[in-house]
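Let's look at some labels used for protein structures and ask what earns them. Keep the picture at hand as you read.

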Amino acid sequence: MTNNEKNKIRGMFLIIDRGNLKGLKHWAKELEKRGIPSLIQIDAYTIEHHPSIVTDLAKRGFELGCAYNERPLWNEPHAFQYETMKSMKDKVQPFLNRPMRVFNSKFFAYDAITLEVADELGIEYVLARGTHGVKAVVYKPEEYKTRIVSVSNIPYKEMGAGSLCDESLWCRGVTPKEFKEILFGITEEKIILVAQTHLSGVKLHWWNVYEDFLDANKVAWKSLDEFSGGAIALPNEQIPLN
């Protein structure tokens, strides 16, 4: 760690693609301009209708995974989860010159079957709902090869907790001004900041919040592998589940 990073939050930037090409291009341009290593979870719609942008993002060095945005994979049978995850991986893999390593379902939902299937398909990371508030945590279940990346979570009034994310908080009635206050009030040492292409990628008031936070240079942004170093190894039944 450099001297300039000692007092900074350690962070990872995550883009959830929701089939909005304009928003995806905007976020890719801004993150690349700032030299922020980022994970982009590609939606099936983009792969099918705009394959050239997926190829372009891969060539530009972004870590690309697949986001199954149709439904959460809680308590789904093995056959369904296997078919779903394999289908998504098979769609993303041809665009990459490296393995497709990351998967998430809607709401960052997963269970033990998800981890089992991820192992079978060689998927190294599964994104999960946060379990430690704003603090992001990476776990290594002892029974599986796959790591669990537990994203930052924000409790918000009576609406319950949501990810540190524009859409998640917008759905809970948070305004851009309130979101900015949340971001600039973060004191945790390790976070995952999430943005969705169909909101901050195209809505100026939401983008302005991210722009101000990124320009404040409060975070030392890390790649997925850097961020996941030192994962906490536990039996899976002892890993918190949200």
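Q: What makes K89 stand out among charged residues, and how far away is the nearest side chain of opposite charge?
A: In this predicted model, K89 is buried but has no salt bridge. The nearest side chain of opposite charge belongs to D90 and is 6.7 Å away, while a salt bridge needs a nitrogen and a carboxyl oxygen within 4 Å. K89 sits in helix α4, which covers residues 78-92.

Q: Which residues does K89 touch, leaving out those up to four places away in sequence?
A: They are C66, P94, M100, L121, G122 and I123.

Q: Why is the contact between K86 and D90 called a salt bridge?
A: The closest N and O atoms of K86 and D90 are 2.8 Å apart, and the cut-off is 4 Å, so the pair qualifies. Both residues lie in helix α4, four residues apart, or about one turn of the helix.

Q: Is K86 buried or exposed, or something in between?
A: K86 has a relative accessible area of 33%. The in-between class runs from 20% to 50%, so K86 is called partly exposed. D90, with 43%, is partly exposed too.

Q: Why is S152 called buried?
A: Buried means under 20% relative accessible area, and S152 has 0%, so the label fits. S152 lies in the loop between β7 and β8. Beyond residues up to four places away in sequence, S152 touches several others, including G133, V134, G162 and I191.

Q: How do you know that R101 and D225 form a salt bridge?
A: Their side chains meet at 3.1 Å, N to O, and the limit is 4 Å, so the pair counts. This pair links distant parts of the chain: R101 is in the loop between α4 and β4, and D225 is in helix α9, 124 residues apart. R101 is buried, at 12%, whereas D225 is partly exposed, at 41%.

Q: What does the salt bridge between D215 and R34 tie together?
A: The closest N and O atoms of D215 and R34 are 3.0 Å apart. D215 lies in helix α8 and R34 in helix α1, so the pair ties together parts that are 181 residues apart in sequence. Both residues also belong to a network of salt bridges with E30 and K33.

Q: How do you know that the chain agrees with a compact globule?
A: With 242 residues, a compact globule would have a radius of gyration near 18 Å, and the chain has 17 Å, which agrees.

Terms used:
Residues numbered from 1 in each chain as written. Predicted model: local features only at pLDDT ≥ 70, side-chain atom pairs only at ≥ 80, totals over all residues. Heavy atoms only, no water. Rg over C-alpha atoms; globule rule 2.2 N^0.38 Å. Helix = DSSP H or I, 4+ residues; strand = E, 2+ residues; numbered from the N terminus. Buried < 20%, exposed > 50% of the residue type's maximum accessible area, 1.4 Å probe, protein only. Lys, Arg positive; Asp, Glu negative; His and termini not counted. Contact = heavy atoms within 4.5 Å.
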